[in-house]
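Work through these exercises with the model open beside you. Try each task before you read its solution.

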Amino acid sequence: MTSIKQPGEKNLMLFSGRAHPELADEVARHVGVSLTPTKLIDFANGEIYARYMESVRGCDAFVIQSHTAPINKWIMEHLIMVDALKRASAKRITVVMPFFGYARQDKKGRGREPITARLMADMFKTAGADRLMSIDLHTSQIQGFFDGPVDHLFAMPVLESYLKNKLDLEHTTVVSPDTGRVRLSERWADTLGTPLAFIHKRRDLDVANQVKVNEVVGRVRGRTCVVIDDMIDTAGTICKAADALYEQGATNVITAATHAVFSDPAVDRLKNSKISEVIVTNTLPLAQANRFDKLTVLSIAPLIARAITEVFNDGSVTSLFEGDT
């Protein structure tokens with residue numbers, strides 16, 4: 001079954017690009033549909049061609065693509081798929097991007113810089129998207145870049161459920177790796193009922209991915225520290241945070257993040273770090289070469305599937321996190 005039809009010809013159809021088919025297949029199983037057959041090929045010069053093998057006229061379309069490496073190719077494929085849906089008369093198009101590409105470029109830090117996260121939102125709107133759905137945006141302000149509804153999902157319930165069964169919360173401290181993640185870490189600390197600490201750091205604005213840790217603020221001595229972040233890219237921030245926490249007397253350091261970007265040399269850094277466990281979700285595909293003994297990958301597919309179902313049924317996505325009806 002490739003669609004769900006309701007009275008009045010309401011019709012859910014699910015589409016996937018080629019970036020992360022495993023996640024799309026899992027989401028489809030949870031929703032209760034099959035992915036709509038789609039022809040996606042690369043021409044010799046690198047151009048991408050897309051065509052749907054079934055009629056999509058009047059459907060409520062959800063098109064999933066994870067913006068992973070090579071990120072520009074998969075973003076372009078995503079845009080082309082949306083354009084094809086619009087031109088094939090889909091009634092409503094929801095772009096599902098578990099990881100929002102270019103989300104870190106959400107403001108101008110210095111003169112003559114782009115705000116590429118806004119450009120991303122504009123491109124999807126121009127392509128024909130009516131709605132965006134993403135998980136743990138780098139900053140919440142990105143929701144305002146898109147002229148339409150944005151469903152900002154949170155992986156926190158998935159990660160917290162795992163950690164609650166693993167930790168002695170009386171001897172645990174939630175740690176923000178920098179001041180920018182303090183608000184997120186506060187939510188974690190409130191939910192888990194633990195103290196909050198944060199690490200003050202400075203970045204070299206002229207050198208990408210270079211971090212200098214200055215000091216730890218909060219109660220960490222003799223405690224298990226859970227470092228919270230939205231993504232792990234080169235792992236420089238996380239590994240330096242772990243070193244600083246151990247220097248201040250932490251007995252154990254675990255890290256939990258939504259997006260496992262894992263750009264080189266992240267895997268080597270994490271393998272050789274003092275971190276005892278790295279917990280991530282499968283918003284991005286992980287090659288076997290990027291998996292290691294202390295890595296735990298949790299599935300985000302049930303959460304995405306529930307959000308898709310709520311949107312299709314005109315329900316409340318907020319209820320997934322706040323218990324509202």
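**Exercise 1. Count the aromatic pairs, then classify the one between F154 and F321.**

Step 1. The structure holds four aromatic pairs. Rings of Phe, Tyr and Trp (its six-membered ring) pair if their centres lie within 6.5 Å; planes under 30 degrees apart are stacked, over 60 edge-to-face, and the rest tilted.

Step 2. A ring pair is described by the distance of the centres and the angle of the planes. For F154 and F321 the centres are 5.3 Å apart and the planes 85 degrees apart, which is edge-to-face.

Step 3. Locate both rings. F154 is in the loop between β8 (150-153) and α4 (156-164), and F321 is in helix α9 (residues 319-322), so the pair ties together parts 167 residues apart in sequence. Helices (H or I, at least four residues) and strands (E, at least two) are DSSP runs, numbered from the N terminus.

Step 4. Check exposure. Buried means under 20% relative accessible area, exposed over 50%, and partly exposed in between (1.4 Å probe, protein chains only). F154 is buried at 19%, while F321 is partly exposed at 23%.

A note on the input: this is a predicted model, where local features need pLDDT of at least 70 and side-chain atom pairs pLDDT 80 or more, while totals for chains, interfaces and linings use all residues. Residues are numbered from 1 along each chain as its sequence is written, and side-chain values use heavy atoms, without hydrogens and water.

**Exercise 2. Do the same for F262 and F292.**

Step 1. Their centres lie 6.3 Å apart, with 35 degrees between the planes, so by the cut-offs the pair is tilted.

Step 2. F262 sits in the loop between β13 (252-260) and α7 (266-272). F292 sits in the loop between β14 (277-281) and β15 (295-298), 30 residues apart from F262.

Step 3. Both F262 and F292 are buried.

**Exercise 3. Which rings lie under the charged ends of K10 and R187?**

Step 1. Apply the rule: NZ of Lys or CZ of Arg must be within 6 Å of the ring centre and within 35 degrees of the ring normal.

Step 2. K10 lies over the face of F312, 5.0 Å from the ring centre. R187 sits over F154, with its charged end 4.6 Å from the centre of that ring.

**Exercise 4. Trace the salt bridges of D42 and D83.**

Step 1. A salt bridge puts a side-chain nitrogen of Lys or Arg within 4 Å of a carboxyl oxygen of Asp or Glu. The count is 14.

Step 2. D42 meets R18 at 2.8 Å, N to O. D42 lies in strand β3 (residues 38-42) and R18 in the loop between β2 (10-16) and α1 (21-31), so this bridge ties together parts 24 residues apart in sequence. D42 is partly exposed at 35%, as is R18 at 28%.

Step 3. D83 bridges to R87, also with closest N and O atoms 2.8 Å apart. Both lie in helix α2 (residues 71-87), four residues apart, about one turn. D83 is partly exposed at 23%; R87 is exposed at 63%.

**Exercise 5. Where is H138, and what does it touch?**

Step 1. The unreviewed UniProt entry annotates H138 and D178 as "binding site". Such positions use the numbering here, feature names are shortened, and annotations may be inferred rather than shown by experiment.

Step 2. H138 is in the loop between β7 (131-135) and β8. H138 is buried at 18%.

Step 3. Leaving aside neighbours within four places in sequence, H138 contacts (heavy atoms within 4.5 Å) A103, R104, R181, D230 and M231.
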